[in-house]
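Reader: I'd like a close look at one part of this model, the aromatic rings and whatever sits around them. Could you walk me through it in one go, informally?

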Amino acid sequence: MINIEVVGGTKKQRELAESLAYFCVQKLMPKKKTLDVTITLKRLNNALGWCLWETNAEFSVDIEKKQSLRRLLETVAHEMVHVKQYATGELYESTAQGKHRWQGKWLKKDPDYYDLPWEIEAHGREVGLFITWAEAEGHADKEWAQDPY
């Protein structure tokens, strides 16, 4: 069973984040049958969001709630890419060793943030996932969904 729970933030933020998260699961992991994701919209220090891997099917995602609605939702999409990476075994983090394995290979040394292969994928997909979801759900013409750039 796919279960996504969104807590914190405003009612509108929760509703949209939940809808987008389910959309991301369908797009990124259509064959996944078991997944439990808790998304918490709250104040964060020095980050827009992060994904914590509990087990192969359980994840905690924290999102900075004090950002524009579009950016908040893009961050949800970004973190859902990380959920997919962990859930499918593409990304594995050994906290005991402080190392990461990406697509079956251990990184000898973590490169800079924007050079991390899992971040390249997440940053590369976040906007496309958001736009595709906004169009599919009839939000593309809403002011908050417009391209801020």
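Author: What follows starts with the ring pairs and then works outward to the sheet, the charged side chains, the cysteines and the core. Keep in mind that this is a predicted model, so every number here is computed from predicted coordinates.

Let's start with the rings. The structure holds nine aromatic pairs. Take Trp53 and Tyr86 to begin with: their ring centres are 5.6 Å apart and the planes meet at 10 degrees, so this pair is stacked. The cut-off behind that word is an angle under 30 degrees. In sequence the two partners are 33 residues apart, with Trp53 in strand 3 (residues 49–53) and Tyr86 in helix 2 (residues 69–87), so the pair links distant parts of the chain. Are these two rings buried or exposed? Trp53 has 26% relative accessibility and counts as partly exposed, whereas Tyr86, at 7%, counts as buried.

Now a pair with another geometry. Trp102 and Trp118 sit 6.1 Å apart, centre to centre, with 50 degrees between the planes, and that makes the pair tilted. This pair also links distant parts of the chain: Trp102 belongs to strand 6 (residues 99–102) and Trp118 to helix 3 (residues 117–136), 16 residues apart. Both Trp102 and Trp118 are buried.

Back to Trp53 and Tyr86, since they have company. Ring pairs connect them with Phe59, Tyr92 and Trp106 into a cluster. Trp106 has a charged visitor too: Lys99 lies over the face of the Trp106 ring, at 5.9 Å from the ring centre. If you like checking thresholds, the limit on that distance is 6 Å.

Trp106 also takes us to the sheet. Three strands make an open sheet in the order 5-6-7, with antiparallel pairing. Strand 5 (91–94) and strand 7 (105–106) are at the edges; each has a single partner strand, so one side of each is left without a neighbour in the sheet. Strands 6 and 7 run antiparallel and are joined by two bridges. Across from Trp106 in strand 7 stands Arg101. For Trp106, then, the picture includes a place in the ring cluster, Lys99 over the ring face and Arg101 opposite.

On to helix 2, which already gave us Tyr86. Side chains of opposite charge can pair when their charged atoms come close. The model has eight salt bridges, and Glu74 takes part in at least two of them. One is with Arg70, where the closest N and O atoms are 2.7 Å apart. Another is with Arg71, with the closest N and O atoms 2.9 Å apart. Arg70 and Glu74 both lie in helix 2, four residues apart, which is about one turn of the helix. Arg71 and Glu74 are three residues apart in helix 2, again about one turn. As for accessibility, Glu74 is buried at 1% and Arg70 is buried at 6%, while Arg71, at 21%, counts as partly exposed. Salt bridges with shared partners tie Arg70, Arg71 and Glu74 together with Glu126 in one network. Lys84 has a salt bridge as well, to Glu90, with 2.7 Å between the closest N and O atoms. Lys84 counts as buried, at 7% relative accessibility.

What about the cysteines? The disulfide count is zero. The sulfur of Cys24 has its closest cysteine sulfur in Cys51, 12 Å away, and that is too far for a bond, because the cut-off is 2.5 Å. Cys24 is buried, with a relative accessible area of 0%, and Cys51 is buried at 11%.

Finally, the nonpolar core. The largest one has 42 residues, and those with the most contacts inside it are Leu35, Val37, Ile39, Leu73, Val76, Val83 and Trp133. Strand 1 (2–8), helix 1 (11–28), strand 2 (35–42), strand 4 (58–64), helix 2 and helix 3 each supply at least two residues of this core. Helix 2 gives the most, with ten residues. So helix 2 turns up in several places: it holds Tyr86 of the stacked pair, it carries the Arg70–Glu74 salt bridge, and it is the top contributor to this core.

Note on methods:
Residues numbered from 1 in each chain as written. Predicted model: local features only at pLDDT ≥ 70, side-chain atom pairs only at ≥ 80, totals over all residues. Heavy atoms only, no water. Phe/Tyr/Trp six-rings, centres within 6.5 Å; stacked < 30°, edge-to-face > 60°. Buried < 20%, exposed > 50% of the residue type's maximum accessible area, 1.4 Å probe, protein only. Lys NZ or Arg CZ within 6 Å of the ring centre and 35° of its normal. Pairing = 2+ DSSP bridges. Salt bridge = Lys/Arg side-chain N within 4 Å of Asp/Glu carboxyl O. Core = buried A, V, L, I, M, F, W, Y, C linked by side-chain atoms within 4.5 Å.
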